[in-house]
Amino acid sequence: MTFKTISTTAFTDQKPGTSGLRKKVTVFAQEHYAENFIQSIFDSLEDFQGKTLVLGGDGRYLNRKVIQSTIKIAAANGFGRILVGLGGITSTPAASNLIRKNKAFGGIILSASHNAGGPQGDFGIKFNISNGGPAPEKLTEAMFANSKTITSYKIADCADIDIDTLGSHQIGDTVVEIIDPVKDYAALMESLFDFQAIRTLLQSGFTMRFDAMHAVTGPYATEIFENRLGAKAGSVFNAVPLEDFGGHHPDPNIVYAHELYEELMSANAPDFGAASDGDGDRNLIIGKGMYIAPSDSLAVLAANAHLAPAYSKGIAGIARSMPTSCAADRVAEKLKIGMHETPTGWKFFGNLLDTGLVTICGEESAGTGSDHVREKDGLWAVLLWLNILAVRKQSVAEIMHEHWQTYGRNYYSRHDYEEVASDGANALMDALRAKLPDLKGKTVQGMVVEAADDFAYHDPVDHSVSKHQGIRILFAGGSRLVVRLSGTGTAGATIRIYLERYEADSSKHDLETQAALTPLIAAAAELTEITHYTGREKPSVIT
Ligand code: G16
């Protein structure tokens, strides 16, 4: 086997964001672009020679090509074994499980998650460490530094590997195994939940629909819901992974999973609807006639997790990203367990999970998960909901309403201003930051500011500090405004405004969400001066 060293020129823009390097396909299609970044990842790692690398992707456009180059670069760099999901497709949580189960050194996941795909869409590369979780900031910073000075990469000079047939191949000393990525993941799910109870529920006339959005979860969801749990054939739809997600945006929210939403709101709605995103780590939950906000879903799952076998002894603690609503905090308080507030990005949960400080984590961006892997896990969330429904024998709406009665309701919404000019977005953040010292005690739209800061996270395990993680303005009574720039966009900047109002009075738990948040929406407009800085009158997406 010949290994070649290819001369290359460094790119200046390979800075990983919230979740790995995400760029337009047109950027990734430049000669050496993906290869440079993969070599920069390996240049940031130590002592991996002879060890195992897990490799998969969400199946989007460019996936197959970059799977091949990653195999060849990993072999040339000295990995001993490369486990590749059949067809080069592996969901992010399944990859996390494979890393853990095989005691791998780490894994490379090719995904731009919920971002659109196809030749004009997005692509991404991320590295996960041996605990199965996303690389911490120290490592992503090293990758970026290496990407700016790289002059060559190493690659095996061999034919493409047949990734569409299960089996084993040899590149020099490296074994490349093409594996079934669904089998181990389905077994893991079966070990966590009461499949018999869910099967009984599904045989009792309870109906469900799962929208795989033509993304990675199709084969997993079909195997688990239809084959193993006996959901009616066709319960899983848009089940075939496509390179362009069928022209849709694989983001499981009520805007992009519109078909599912309409069905669940219709007269003959099924009992339960769910969806997952491009790489299978996000989830959307909708009951008959009732959408469940991700922050509420986290709170319900944490409060009821003990009903599933894996969590029957209770959970150790909960973590949520800072912009996620405080609904879960009220559950932690009642359960007398720890509550942790981290910056946006699943990587910040890793230390808390590894040290057993928390069992369940969640984010407003439709991600929930537990210590079974080190990524958020869309199908896990759907299965935990089904397990809870099977035990409580109530509808989704009944469970949600009882939850609010017990804990109060945190009305919540996120307003996104996508693809605004970066200069305007940065100026808005600077101006808002400058206002912070004077905000305390001020009345804005009838609400009194109790505290305002630029969130910084002090990791209790490795003591690292992450600054500038979003501006938060806390009002008396439990309402909040959070403003930050997205770290996953690929064009211009995306401003996210998170709005939250706490309502203890159960006679006020059925308001329309945007109406319930009217004073906060007005306060956000006043404080951020968003129209002035962006020229936008309205958000592009409201979730
Ligand atoms: C990624 C991260 C999440 C984060 C989300 C949104 O999700 O893994 O932790 O909450 O992006 O990040 P931002 O607000 O910076 O755009 P995914 O599903 O895209 O990998």
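A polar contact is a pair of N or O atoms within 3.5 Å. In this predicted model, an oxygen atom of the ligand is 2.5 Å from an N or O atom in the side chain of T488, which is inside that cut-off. The protein covers 99% of the 460 Å² of accessible area that the ligand has on its own.

Other side chains take part in the same kind of pairing. A polar side-chain atom of T18 lies 2.7 Å from a ligand oxygen. For K376, the separation between a side-chain N or O atom and an oxygen atom of the ligand is 2.9 Å. The ligand has 19 residues around it, and those that come nearest are E363, R484, G487, T488 and R496. Two of these residues lead into the strands described below: E363 belongs to strand β17, which spans residues 360–363, and R484 falls in strand β25, residues 480–485.

Strand β17 can be taken next. I360 and G362 point one way from the strand, while C361 and E363 point the other way. In a regular strand the side chains alternate between the two faces of the sheet. In β17, the residues on both sides are buried.

β17 has pairing partners of both senses. Strand β15, residues 317–321, runs parallel to β17 and is joined to it by 3 bridges; within this pair, A319 stands opposite C361. Strand β18, residues 367–370, pairs with β17 in the antiparallel sense over 4 bridges, and here C361 faces G369. β17 and β18 form a hairpin with 3 residues between them. A366, in that turn, has a positive phi of about 75°.

C361 also bears on the matter of disulfides. A disulfide is a covalent bond between the sulfur atoms of two cysteines. The structure holds 0 disulfides. For C361 the reason is distance: the closest cysteine sulfur, in C326, is 16 Å from its own sulfur, so the two are too far apart for a bond. C361 is itself buried, because its relative accessible area is 0%, under the 20% cut-off.

R484 leads to a second group of strands. Strand β25, which contains R484, pairs with β24 in the antiparallel sense over 4 bridges. R472 stands opposite V482 in β25. The two strands form a hairpin with 4 residues between them, and G477 in the turn has a positive phi of about 95°. β24 also pairs with strand β21, residues 447–454, through 5 bridges and again in the antiparallel sense; in that pair, A452 has I473 as its bridge partner. Strand β24 covers residues 471–475, and 4 of its 5 residues are buried, so the strand is largely enclosed by the rest of the structure.

These strands belong to an open sheet of 7 strands, with antiparallel pairing and the order β20-β21-β24-β25-β26-β19-β27. The edge strands are β20 (443–444) and β27 (541–542), each of which pairs on one side only. At the β27 end, strand β19, residues 409–420, is joined to β27 by 2 bridges and runs antiparallel to it. There, H415 stands opposite I542.

At the other end of the sheet, the loop between β20 and β21 contains Q445. Most residues other than glycine have a negative phi, and most peptide bonds are trans. Q445 departs from this, with a positive phi near 50°. Its relative accessibility is 41%, so Q445 counts as partly exposed. H32 is another residue that is not a glycine and has a positive phi, of about 70°. H32 lies in the loop between α1 (25–28) and α2 (33–43). H32 is buried, because its relative accessible area of 18% is under 20%.

The record gives a frame for part of the chain. An unreviewed UniProt entry carries the annotation "domain: Alpha-D-phosphohexomutase alpha/beta/alpha" for residues 14–153, 184–286 and 295–407. Over residues 14–153 the chain is 38% helix and 21% strand, with the end C-alpha atoms 15 Å apart. The span 184–286 is 37% helix and 15% strand, and its end C-alpha atoms lie 27 Å apart.

Notes:
Residues are numbered from 1 along each chain as its sequence is written. This is a predicted model: local features need pLDDT of at least 70, side-chain atom pairs count only at pLDDT 80 or more; totals for chains, interfaces and linings use all residues. Side-chain values use heavy atoms; hydrogens and water are left out. UniProt positions are given in the numbering used here, feature names are shortened, and annotations may be inferred rather than shown by experiment. Buried means under 20% relative accessible area, exposed over 50%, partly exposed in between (1.4 Å probe, protein chains only). Two strands pair if DSSP finds at least two bridges between them. A residue is near a molecule or strand if one of its heavy atoms lies within 4 Å of it. A polar contact is a pair of N or O atoms within 3.5 Å; within protein, one must be able to donate a hydrogen and the other to accept it, and residues adjacent in sequence count only if both atoms are side-chain atoms. Accessible areas come from the Shrake-Rupley method with a 1.4 Å probe; for residues, only the protein chains shown count as cover. A disulfide is a pair of cysteine sulfur atoms within 2.5 Å.
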